[in-house]
Structures are given as C-alpha cells and as structure tokens.
Amino acid sequence: MAKQRTLSIIKPDATERNLTGKINSIFEENGLRIIAQKRIHLSRRQAEQFYAVHKERPFYGELVDYMISGPVVVQALEGENAVLKNRELMGATDPAKADAGTIRKLYGEGIERNAVHGSDSPENAAAEIRFFFSDTEIVG
Ligand code: CMP
C-alpha cells in the first residue's frame with residue numbers, strides 16, 4: 001500500500017486539557033508522520049463550512065459552537081493506509097463505544113467532546129487537507 005495522507009483535528013476539549021503531545025505520540029508511535037500542523041481558533045464560518053456535510057443533523061449547531069469554543073490543532077498525517085490507520089487509532093465516534101487503547105477511549109469525554117476528528121475517506125482527506133493547508137505548509 002502506498003503512502004496516504006489524512007486530516008486530523010485535535011479538538012477543543014483535548015487542547016484545553018493539554019493533550020496535544022500525548023495524542024501526537026500515539027500517531028508517531030503507530031507509523032503516522034505529522035507533515036503539517038497548526039494551532040488555530042476556528043471562525044464560525046470555517047467550522048460551518050468544514051462540517052457542512054452535517055448541516056441537516058440535529059447536532060450541527062452545537063457541534064459548530066463547540067468547535068469554536070477553544071483552540072484546535074489541525075494536522076496532516078502521512079503513512080501507509082493513513083486514513084484507515086488513523087480511524088483505528090481514534091476509535092468509535094462515541095468514546096463509550098470505542099475500543100480500549102484508542103484515543104477516544106483514553107481521552108474522549110462524550111460523543112461531541114471526543115478529542116479528535118479524522119477524515120473518513122481518501123477523497124475527503126484530500127479535500128479536508130486543502131481546506132486548512134496550502135502546498136507550501138505541507139512538508140513530507
Ligand atoms: P467528527 O469525527 O468530528 O465528525 C462529526 C462530529 O459530530 C463527530 O466527530 C462528533 O464529535 C459530533 N457529534 C455530536 N453529536 C453527534 C451524534 N449524535 N452523532 C454523531 N456525531 C455527533
């Protein structure tokens with residue numbers, strides 16, 4: 001399998017608890033390389049655009065409010081089978097249902113405050129990486 005890239009977001013609940021380094025260690029110890037990273041405070045417009053696919057869901061408004069409630073760390077990760085690998089490392093969306101040892105099981109506080117986001121397909125990964133990073137900000 002060739003190298004692949006995925007977009008990761010360390011969410012406000014995790015940055016608030018100073019967990020960026022611990023989460024990054026999990027990526028690095030499992031073969032994912034952080035090839036772009038920045039800590040930013042999303043604007044409401046950015047959060048609305050990023051999660052536009054969930055616009056009709058009942059949790060959309062709360063999700064946007066939460067994602068702009070504090071800083072996030074956006075990152076591009078690269079490695080073998082990176083999209084699936086990151087989803088395995090994150091665990092299920094709901095931390096209560098996530099497997100032992102996954103990021104969400106270890107650090108998630110609830111289905112919304114679930115510590116991390118990861119792209120769900122290679123196509124979405126490419127679009128989500130482009131959403132946050134220009135080519136010159138990605139150094140593989
Ligand atoms: P994420 O991977 O960032 O993609 C969409 C997010 O919506 C998801 O993680 C959750 O944090 C959030 N969310 C909040 N409520 C729900 C819900 N009931 N079902 C699914 N996702 C939810």
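**Note on the ligand site and its pocket**

1. In this predicted model, helix α7 makes the largest contribution to the lining of the largest pocket, supplying four residues. The lining as a whole counts 24 residues, and those that lie nearest the centre of the pocket are Tyr 51, His 54, Leu 63, Thr 93 and His 117. The elements that give two or more residues to this lining are α4 (60–67), α5 (82–90), β4 (116–118) and α7 (122–132).

2. The volume of the largest pocket is about 640 Å³, and its lining divides by class into nine nonpolar, seven polar and eight charged residues.

3. The ligand occupies the space of this largest pocket. Around the ligand stand Lys 11, Tyr 51, His 54, Phe 59, Leu 63, Thr 93, Arg 104, Ile 111, Glu 112, Asn 114 and His 117, a shell that comprises four nonpolar, four polar and three charged residues.

4. Which atoms of Arg 104, Ile 111 and Glu 112 approach oxygen atoms of the ligand? For Ile 111, a polar backbone atom lies 2.8 Å from a ligand oxygen; for Arg 104, an N or O atom of the side chain is 3.3 Å from an oxygen atom of the ligand; and for Glu 112, although this residue carries a charged side chain, a backbone N or O atom is placed 3.4 Å from a ligand oxygen. On accessible area, the ligand taken alone exposes 450 Å², of which the protein buries 79%.

5. A colleague following the site residue by residue may wish to begin with Tyr 51, His 54, Leu 63, Thr 93 and His 117, which lie nearest the pocket centre and also belong to the residues surrounding the ligand.

Note on methods. Residues are numbered from 1 along each chain as its sequence is written. This is a predicted model: local features need pLDDT of at least 70, side-chain atom pairs count only at pLDDT 80 or more; totals for chains, interfaces and linings use all residues. Side-chain values use heavy atoms; hydrogens and water are left out. A residue is near a molecule or strand if one of its heavy atoms lies within 4 Å of it. A polar contact is a pair of N or O atoms within 3.5 Å; within protein, one must be able to donate a hydrogen and the other to accept it, and residues adjacent in sequence count only if both atoms are side-chain atoms. Accessible areas come from the Shrake-Rupley method with a 1.4 Å probe; for residues, only the protein chains shown count as cover. On a 1 Å grid over the protein atoms alone, a cavity is a set of points where a 1.4 Å probe fits but cannot get out, and a pocket is an open set with protein on both sides within 12 Å along at least five of seven lines; lining residues have an atom within 4 Å of a point. A molecule sits in a cavity or pocket if more than half of its atoms lie within 2 Å of its grid points. Grid points are joined across faces, edges and corners, and a volume is the space filled by probe spheres set on the points.
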